[in-house]
Amino acid sequence: MKDVYDGTVRYMQILDENGNMDESLRPKEITDVKLVELYKAMSFARALDAKALSLQRQGRAVTYAPILGEEATQIGTAAAMRPNDVFVPNFRQHGVYLYRKASLESIMLYWRGYEESLKDIKSINAFPVAVPVSTQMPHAAGAAYAQKYKKTGNAVIAYVGDGGTSEGDFYESINFAGVLKLPLVTIIENNQWAISVPREWQSAAQTLAQKAIAAGIPGIQVDGNDVVAVYAATRDSVIGAKDGPSVVECITYRMSMHTTADDPEKYRPDSLVEAWKPKDPLLRVRTYLARKGLWDDKKESAMSEEHLSIIDEAVARAEEFKPDPRSMFENVYSTMPQVLKDEEEEAVAEGFWQGEVSK
Amino acid sequence: MMANMVTALNNALDQIMAENKDVVILGEDVGKDGGVFRVTDGLFDKYGRDRVLDTPLAESSIAGVSIGMAASGLRPIAEMQFAGFMLLAFSQIVNHAARFRARTRGGYTLPMVIRTPVSGGVRTLEHHSDSPEALYSHIGGLVVVEPSNPYDAKGLMIAASHSDDPVIFLEPTKLYRLFKQEVPEDMYEVQLSKANVMKEGDELTIVTWGTMVNVVNNVVAKKKNVSAEVIDLRTINPLDEETILKSVEKTGRVMIVHEASMSFGPGAEIAARIAEKEIFHLSAPVVRVAAPSLPYPFPGYEQYYVPNELRVSKAIDKIMSE
Ligand SMILES: Cc1ncc(C[n+]2csc(CCOP(=O)(O)OP(=O)(O)O)c2C)c(N)n1
Ligand SMILES: [Mg+2]
């Protein structure tokens, strides 16, 4: 008998929950000024989250998947992408979309239930939201193949949840990318819950990062509430992508409900959530910046006010959107087939979209 | 007891579990959470984790594992969280569940049920509103059931649990809590593959099922001048052709109303059978009312997609004027 493989998974934290920075690991581009920017971006994501939740509660959005607690994972990874890198989300990365400068309205429009929300995201090198869990992962591998084939030098950064790592599509895509040495960075946004199912019930593996080992590619675990570590690990992976794929598991926590259709009281005691409050991703950056004299209550309230007015304006614009039912028929194929023309015409002529039933 | 469809199904599953300890429930969030629609509520506490299994998030394995269980003496009842996500299990269902019996010439049977919420009208996100009955009916080897009311839901679920063939059990989300009905406390079966003539009539036959049953009934109730016979299929496949043909012979006019999209939908199959066997009894062409021939849209558009009372009403006017 002899050992034929020996694998380890490393865990990285740079800014701890008390706001202490490990300067030896800190990437040099994460200056204090950059940290202020990241803090603002995380705060903006949180403000949008709160707004979207309240809109849904008022019936002004269909459903919404909150990102509360996951801001560092999203903003840290987004900040590590280069403008031409391709971003492949699941359904929870509103923070990444925002950082990539997707319009706020379009994000709101998605949760209000209109396809038009996804019309322009190609221009920011983003793929559309993918609701069926993990099904976006093979697309990401394919997009990575295209980058390599066309020698663009770009990486593809794909997101999957802890639950999503149980799907075949997840394994199949990191495996595919490994075999072909594709520039694919897989971010596991491990918020420790897949609706009501806890992380331990998804896999007997001690870490999700170690799934990379089976694909023959590097995997690392980071404190997903530490925006500096998330940035550093993602940046290493993005730069290393020219030589092949890797996996970054970000350990965070879903502080809110799965979506607005979910009631966590059914399955999760509050004490579990309470324990994560001190590890908040914004709090630690704020502590750090305050200690350096770069942040205070006055700045905080000025920022909040500014964020709220930007968000309110975007919401108002999104709410002005008027759907045209014809768009449903006219965007299915590149050339509209006769069947759809007929069906559309009948609907218009017969007034199917409005009116009362005749006696 | 007065029950909505969720309570009726929950009650059925409870009785099925109590009746036979080889029955296990498996799926995503079926345990403590009781399923995202609460259909399995309370069963985890009552029967434990060995019999009410929160699986890892992987639909292909939920179906495949159910097949392995059913082939090995258990009677699994799997839940797929939504019809759109059940497609990740399509290979297992089509390549294996549908043909295990035929391939082994009856050597193996697969007593298993796969339940899933279907259809729209409740403003859910994309992929949460599909009506896939044609997909599963097209294969052969699968029993495809879709109740439209709490009484049928309980009776069909119990019948499905006793069936030795794989049953795809489609539950319209719109109807889960739409209304309550008197449902017997005791166990009872509603026969599979047997349509329900909900209302008798002699001028027009309307064949429908699932979410469209209420829509049709509402319109028919308003159209006092038309004597319509309303047939709720309840089981899509194998089709109860006899009930349909008998009605068509009487009325000479037939309309098929379904929420699934028009092209290659289940209405085409029914219309073809009527054309083959009853064409000389027809006094007007068959009329189909269905969603347009395109994928289910985002919720902001669903009101323009799902057939509504107005469409059904106009279709009745049209067929009656021919
Ligand atoms: C294939 C598939 N199955 C089931 C669902 C329903 N569903 C939506 S999100 C979710 C849990 C996802 O958990 P995870 O991957 O950890 O991501 P998170 O929601 O925690 O961000 C489930 C089961 C789905 N969208 N797609
Ligand atoms: Mg999760």
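**Ligand sites and backbone oddities in a predicted model**

B:P238 sits in the loop of chain B that runs between β12 (235-237) and α11 (241-251). In this predicted model, the peptide bond leading into that proline from B:N237 is cis, with omega near -5 degrees.

Two other backbone spots stand out, both involving phi. B:F264, also in a loop of chain B, falls between β13 (254-261) and α12 (266-278). Although B:F264 is not a glycine, its phi is positive, at about 60 degrees. The residue counts as exposed, with 80% relative accessibility. Over in chain A, A:Q192 has a positive phi too, about 75 degrees, and again this is not a glycine. Here the setting is the loop between β4 (184-190) and β5 of chain A. A:Q192 has a relative accessible area of 19%, so this residue is buried, the cut-off being under 20%.

Next comes the metal site. The magnesium ion (ligand 2) picks up its donors from A:D162 (OD), A:N191 (OD1) and A:W193 (O), at 2.0 to 2.1 Å. Along the chain, these donors are spaced as D-x28-N-x1-W. A:D162 and A:W193 bring distant parts of chain A together: A:D162 belongs to the loop between β3 (156-161) and α6 (168-179), while A:W193 is in strand β5 (residues 193-194), 31 residues apart. Both A:D162 and A:W193 are buried.

A:D162 and A:W193 turn up again around the other ligand. Ligand 1 lies between chains A and B, and 21 residues surround it, the closest being A:R92, A:D162, A:G163, A:W193 and B:E59. Sorted by class, this shell holds ten nonpolar, six polar and five charged residues.

As for polar contacts, chain A contributes through its backbone. An oxygen atom of ligand 1 comes within 2.7 Å of a polar backbone atom of A:W193, and a nitrogen atom of ligand 1 is 2.8 Å from a polar backbone atom of A:V133. From chain B, a polar side-chain atom of B:Q81 is 3.4 Å from a nitrogen atom of the ligand. On its own, ligand 1 has 570 Å² of accessible area, and the protein covers 97% of that.

Zooming out, the domain assignment splits chain A into domain 1 (10-322) and domain 2 (324-359). The C-alpha centres of these two domains of chain A are 39 Å apart.

Methods:
Residues are numbered from 1 along each chain as its sequence is written. Chains are lettered from A and ligands numbered from 1 in the order in which they are written. This is a predicted model: local features need pLDDT of at least 70, side-chain atom pairs count only at pLDDT 80 or more; totals for chains, interfaces and linings use all residues. Side-chain values use heavy atoms; hydrogens and water are left out. Donors are N, O and S atoms within 2.8 Å of the metal (3.2 Å for Na, K and Ca); water is not among the atoms, so sites may look incomplete. Helices (H or I, at least four residues) and strands (E, at least two) are DSSP runs, numbered from the N terminus. Buried means under 20% relative accessible area, exposed over 50%, partly exposed in between (1.4 Å probe, protein chains only). Domain bounds come from an automatic or database domain assignment. A residue is near a molecule or strand if one of its heavy atoms lies within 4 Å of it. A polar contact is a pair of N or O atoms within 3.5 Å; within protein, one must be able to donate a hydrogen and the other to accept it, and residues adjacent in sequence count only if both atoms are side-chain atoms. Accessible areas come from the Shrake-Rupley method with a 1.4 Å probe; for residues, only the protein chains shown count as cover. Ala, Val, Leu, Ile, Met, Phe, Trp, Tyr, Cys and Pro count as nonpolar, Asp, Glu, Lys and Arg as charged, and the others, Gly among them, as polar.
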